[in-house]
Every structure is written in C-alpha cells, then in structure tokens.
Amino acid sequence: MEIINFEDWERKEIFRLFEGSRLPFYFVAFDIDVTGVYKYAHSGHKSFYHTMIWLVTKAACSVRNFRYRVKGDQVVLLDELVPSFTAMKPGEDLFKIVNCPLGPDLETFLENAARKCREQTTLLSEEDSENLLFLSCIPWMSTTAISNEHDTNPDDYFTRISWGKYSEKEGRKALNITVDVNHRIIDGIHIARFREELERLINSLV
C-alpha cells in the first residue's frame, strides 16, 4: 500500500470539488462482447460467472484510480483488489457474499472460488478488508443498467460492478455491465480505461 502525498496529488482539486457533495456517486453502463468468455468457459466446463469475476477484477486492478481509498486523512493506493461477489446454490433463492483473492492465475482462482462457494455456510465471508471490489450478477435476465445499494456515507469508496444475463445476436454474446463509483476518486475516463482493459483480457482468452 502506498500513501499518497495529498498536496502533490494530481486529483486534489477534483477530490475537493466532490468532497462537498453528500452523494458523490454515479454509475455508467455499457455493453461488451463476451463471446470469448463463453467459449472459454463452456469448452472447459468452467464457470462463466467466476471467469467474469476474475476478468473484471483484473481489469479494475489495472486502473490506478480503482485502487484508491481514503483512510482517515490519508489517501492510499492499494496493491490489489479482492473480488467480493454474490453466490447462490442451484435451486435456492438466498444469496451469500464470498470473498476470494485473485491468486496467481485464472485457473487457480476458479478452483478457489468454486471451493469457497461450496464451503461457506454464512451470509458473509469471514475475511473483511478495505480492498474489496463488490461484484454481483442477475443471471436470470439481461439488463441495461443495475443500481446498487448505498447508504448516505460519501466516504464510501468501494466500487460496485454488476451485470445480468448475456444477450445473443448473430452468433455473438453481449453483456451489459454497470460500474458504480465514487466521483472523488474515479472519473469517466477511468471507467473507459477499465472497459478497454476488460475487452483486451477477454480477447486474450481465445
């Protein structure tokens, strides 16, 4: 973790601008081609959902602003993000929230995520951390945007990323993804960079 010198921080004025807002949050929704993720997951009998979680978290980690947090009066840059995602057993209606570090590679993450989903019996993971990235999915229907729960604390710096069921057209599969952020630390350009990196990672699967 790196402590940022606030006075020399390039975002100081933007941070101060949105510091006066009681609700400095906004979200952006976009479509992305996930045909490559589908082929990768189904060819090896892997979880499409868990594969997306790894890809989305990797893409978020690559954009510096997604790793900013504020601790007391200090701005810090985290070394990594840990996906914290919803999970359900087949045939059940209730979800739980599982935290699972990315690990050294995708295959390791898929194994660990599947194991944690099987073994966790509580609503929340025992591990709690400031470096969580909140992820959720509504796999029963396609979406155009998803809002997320928030309290009225403007010091909430946890990014929330959500998606629904992929849609199909002309043999391609598209997924609508919503990115919900705090404007103090993340601007539109950073969401665009996240999308660009996510697309690159997806293309690297095939």
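Trainee: Where is the place of Thr121?

Mentor: This is a predicted model. In the model, Thr121 sits in the loop between H4 and strand E7, which covers residues 132-137.

Trainee: Is Thr121 buried or exposed?

Mentor: Look at the relative accessibility. Thr121 has 77%, so the residue counts as exposed. The cut-off for exposed is over 50%.

Trainee: How far is Thr121 from Lys96, C-alpha to C-alpha?

Mentor: Compare two separations, one along the chain and one in space. Thr121 and Lys96 are 25 residues apart along the chain. Their C-alpha atoms are separated by 8.3 Å.

Trainee: Let me step back. How many helices and strands does the protein have?

Mentor: The protein has five helices and ten strands.

Trainee: What does the radius of gyration say about the protein?

Mentor: Set the value against what a compact globule would give. For 206 residues, that is near 17 Å. The protein has 17 Å, so the two agree.

Trainee: What does the C-alpha trace span along its principal axes?

Mentor: The spans are about 50 × 40 × 30 Å.

Trainee: How do I read burial and surface for the whole protein?

Mentor: Take two values. Of the 206 residues, 47% count as buried. The accessible surface comes to about 11,200 Å². Carbon and sulfur atoms hold 51% of that surface.

Trainee: Which share of the contacts joins residues 24 or more positions apart?

Mentor: Begin with contacts that have a separation of 6 or more. Residues 24 or more positions apart account for 70% of those.

Trainee: What about the charges?

Mentor: Count them, then find the mean position of each sign. The protein has 25 positive and 32 negative charges. Their mean positions are 4 Å apart.

Trainee: Now a single helix. Which residues of H2 are buried?

Mentor: H2 covers residues 35-43. Its buried residues are Thr35, Gly36, Val37, Tyr40 and Ala41.

Trainee: What do the buried residues of H2 pack against?

Mentor: Two strands and three helices are listed by name. The strands are E2 (25-33) and E10 (172-182). The helices are H3 (48-62), H4 (106-119) and H5 (188-203).

Trainee: Pick one residue in H2.

Mentor: Take Gly36, which lies in that helix. At 10% relative accessibility, Gly36 counts as buried. Set aside neighbours within four places in sequence. Gly36 is then in contact with Ile202, Leu205 and Val206.

Trainee: How far apart are Gly36 and Gly72 in space?

Mentor: Their C-alpha atoms are 42 Å apart. In sequence, 36 residues separate Gly36 and Gly72.

Trainee: What follows H2?

Mentor: His45 follows H2. Check its backbone angle. His45 has a positive phi of about 55 degrees, although His45 is not a glycine. The residue lies in the loop between H2 and H3. With a relative accessible area of 77%, His45 is exposed.

Trainee: What is the phi of Glu170?

Mentor: Glu170 also has a positive phi, about 55 degrees, and is not a glycine. Its loop runs between strand E9 (167-169) and E10. Glu170 is exposed, with a relative accessible area of 77%.

Trainee: How many disulfides does a search of the whole structure find?

Mentor: A disulfide is a covalent bond between the sulfur atoms of two cysteines. The search here finds zero disulfides.

Trainee: Why is there no bond for Cys61?

Mentor: Check the distance between sulfurs; the cut-off is within 2.5 Å. For Cys61, the closest cysteine sulfur is in Cys100, 13 Å away, so a bond is ruled out as too far. Cys61 counts as buried, at 17% relative accessibility.

Trainee: And how far is the sulfur of Cys117 from the closest cysteine sulfur?

Mentor: The distance is 7.9 Å, again to Cys100, and that is too far for a bond. Cys117 counts as buried, at 14% relative accessibility.

Trainee: One last residue. Where does Leu102 lie?

Mentor: Leu102 lies in the loop between strand E6 (96-99) and H4. A loop residue can still be checked for burial. Leu102 is buried, with a relative accessible area of 12%.

Trainee: Which residues does Leu102 touch?

Mentor: Leave out residues up to four places away in sequence. Leu102 touches Trp54, Thr57, Lys58, Cys61, Leu81, Pro83 and Phe109.

Trainee: How far is Leu102 from Gly36 in space?

Mentor: From C-alpha to C-alpha, Leu102 and Gly36 are 20 Å apart. In sequence they are 66 residues apart.

Key. Residues are numbered from 1 along each chain as its sequence is written. This is a predicted model: local features need pLDDT of at least 70, side-chain atom pairs count only at pLDDT 80 or more; totals for chains, interfaces and linings use all residues. Side-chain values use heavy atoms; hydrogens and water are left out. Helices (H or I, at least four residues) and strands (E, at least two) are DSSP runs, numbered from the N terminus. The radius of gyration is taken over C-alpha atoms; the globule rule is 2.2 Å times the number of residues to the power 0.38. Buried means under 20% relative accessible area, exposed over 50%, partly exposed in between (1.4 Å probe, protein chains only). Contact means heavy atoms within 4.5 Å. Accessible areas come from the Shrake-Rupley method with a 1.4 Å probe; for residues, only the protein chains shown count as cover. Lys and Arg count as positive and Asp and Glu as negative; His and the chain ends are not counted. The place of a charge is taken as NZ of Lys, CZ of Arg, CG of Asp or CD of Glu.
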